[in-house]
Amino acid sequence: MFPNSTKSGCPQFLPKLQQQNITFTKFLLSKPPTHLSRQPSVGVEINVHNADLYRALAIGNLATIPAVRPQQLTYGNASRVPVPNARLSFHGRKRLGEPSIQRGIKRQRFHSHDSETTVVNQAVPLPEERRYSLPRSISSPLFYAYYVPALSAYVSPLPDPTETTLPEARDKLSQQVLALFQARQQQSCDLNRKELRRTELQREIQEIFPQSRLFLVGSSLNGFGSRNSDCDLCLVVKQEPVNQKTEARHILSLIQKLFSTKLSSYIERPRLIRAKVPIVKFRDKVSCVEFDLNVNNTVGIRNTFLLRTYAQIENRVRPLVLAVKEWASYHEINDASRGTLNSYSLVLMVLHYLQTLPEPILPSLQKTYPECFHPAMQLHLVHQAPSSIPHYLSKNGSSLGDLLIGFFKYYATEFDWRHQMISVREAKAIPRPDGAEWRNKFICVEEPFDGTNTARAVHEERKFDVIRYEFLQSWKALRDRKDLNSILPFRAAVQRQ
């Protein structure tokens with residue numbers, strides 16, 4: 001499996017009756033969440049008799065949250081049920097009739113035939129404390145808890161470039177693209193550092209939101225990460241959608257306070273960014289990795305595995321994407337906070353180009369395998385797609401160099417920015433929508449699952465003109481010289497660690 005992929009990034013779920021919840025006074029719900037199952041269930045109720053806890057939560061003082069003695073659970077027949085040590089109490093429901101399965105049996109393991117590779121590369125069973133489960137239906141940490149079967153498995157391994165056939169690179173430009181990819185792709189040690197921090201952060205966050213799960217998403221897991229990629233984290237606090245303007249911001253404000261007080265020894269500069277999807281940005285002092293943490297933006301989990309599958313089914317995709325990302329970063333058009341393109345949009349632009357060639361190199365996975373990428377699929381199933389979809393056999397034998405030149409030519413001279421939208425879901429350019437989100441936006445890239453514009457940050461004509469200029473100049477330079485040094489400092493990029 002290539003170094004970007006791993007069984008990590010998927011947090012461990014606690015055994016039944018050890019999953020705790022919290023009554024959060026600022027998030028009182030008008031009614032209980034929708035039941036996850038029609039199976040008969042019994043209510044479980046614990047009353048919290050601790051005014052200090054409510055006071056600490058109301059003022060956001062995390063350091064003073066007191067310990068609460070676990071109360072006995074009483075079912076409808078008034079029989080007592082033992083309660084494990086718990087810091088916080090909850091209202092909840094427990095499903096009946098679930099089969100008793102030993103914890104070790106529930107985990108599916110994927111072994112590598114190469115026993116000499118690293119733990120990440122061979123995806124062997126880890127020690128008990130380092131096992132991770134995949135996303136599943138997650139109950140609300142706010143008022144009610146709904147227990148679902150504890151489904152857990154490892155992310156299936158993807159091909160390792162050292163063990164599978166890499167793209168042929170006979171010409172100079174193709175060799176440069178491939179060398180850049182091999183030097184700059186995310187390494188196992190990079191991913192291990194991110195996963196270590198994710199594990200520690202989840203443990204700390206669960207002191208406040210015991211039912212929450214913290215997931216590694218984005219380029220760290222989708223196959224398109226580089227040595228200097230930031231790390232995206234998705235904190236899932238409940239199955240239901242979260243209001244990003246109110247609820248998510250409040251949760252993130254508590255997370256920010258946690259980071260700036262209790263965790264300040266290894267986290268620096270935690271900042272709450274009030275964007276359409278608010279995040280907390282922070283830096284890990286130990287690894288020097290920049291992190292972005294959102295709340296319940298679960299579309300990021302879905303598109304992580306969609307892109308992961310595109311990375312798997314054609315061996316020219318990852319080198320080409322990484323070359324484009326390095327190019328965009330060098331020319332300073334890869335920063336959404338400054339009105340240019342984010343990395344996700346760049347990846348979708350490369351995939352779209354490969355789908356629209358006269359002889360396509362990629363299909364639309366969502367149209368070819370709709371059952372694997374349905375937007376309503378339960379989160380605990382989305383990880384299965386990469387291992388179940390075969391390689392795509394394209395008749396297009398273009399080299400990496402020719403594809404890179406064609407990519408710049410397509411967006412410099414062929415794509416109609418004014419009237420068209422990039423759609424990986426449809427595998428073609430489609431008419432630009434007329435909705436408010438698409439007006440006054442110079443670049444429209446459709447998010448494959450929720451249909452939003454991933455390039456909405458490009459809303460200034462001046463920035464758009466700069467982006468188009470870089471595409472045009474890079475196409476002309478590569479067409480004439482066929483040398484990667486003509487559009488970015490190739491040697492310096494290969495040597496940079």
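Reader: Is aspartate 434 buried or exposed?
Author: In this predicted model, local features need pLDDT of at least 70, side-chain atom pairs count only at pLDDT 80 or more, and totals for chains, interfaces and linings use all residues. Residues are numbered from 1 along each chain as its sequence is written, and side-chain values use heavy atoms, with hydrogens and water left out. Buried means under 20% relative accessible area, exposed over 50%, and partly exposed in between (1.4 Å probe, protein chains only). Aspartate 434 has a relative accessible area of 62%, so aspartate 434 is exposed.

Reader: Which residue forms a salt bridge with aspartate 434?
Author: A salt bridge is a side-chain nitrogen of Lys or Arg within 4 Å of a carboxyl oxygen of Asp or Glu. Here the closest N and O atoms are 4.0 Å apart, and the partner of aspartate 434 is arginine 439.

Reader: Which residues do salt bridges that share partners join into one network?
Author: Arginine 269 and glutamate 268 meet through their side chains (3.8 Å, N to O). Arginine 283 pairs with glutamate 290, with the closest N and O atoms 3.9 Å apart. Shared partners join these into one network: Glu268, Arg269, Arg283 and Glu290.

Reader: What distance separates the end C-alpha atoms of helix α4?
Author: Helices are DSSP runs of H or I, at least four residues, and strands are runs of E, at least two, numbered from the N terminus. The expected span of a helix is 1.5 Å times one less than its number of residues. For the 18 residues of α4 (residues 188-205) this gives 26 Å, which agrees with the distance between the end C-alpha atoms, 25 Å.

Reader: How many of the 18 residues of α4 are buried?
Author: The helix α4 is largely enclosed by the rest of the structure, because the number of its 18 residues that are buried is 13.

Reader: Which helix gives the most to the largest nonpolar core?
Author: A nonpolar core is a set of buried Ala, Val, Leu, Ile, Met, Phe, Trp, Tyr and Cys residues joined through side-chain atoms within 4.5 Å. The largest has 67 residues, and those with the most contacts inside it are Met349, Leu354 and Tyr411. Helices that each supply at least two residues of this core include α3 (172-184) and α9 (343-355). With nine residues, the helix that gives the most is α12.

Reader: Which residues does alanine 179 touch, not counting residues up to four places away in sequence?
Author: Alanine 179 lies in helix α3 and counts as partly exposed, at 27% relative accessibility. With contact meaning heavy atoms within 4.5 Å, and residues up to four places away in sequence not counted, alanine 179 touches Phe490 and Val494.
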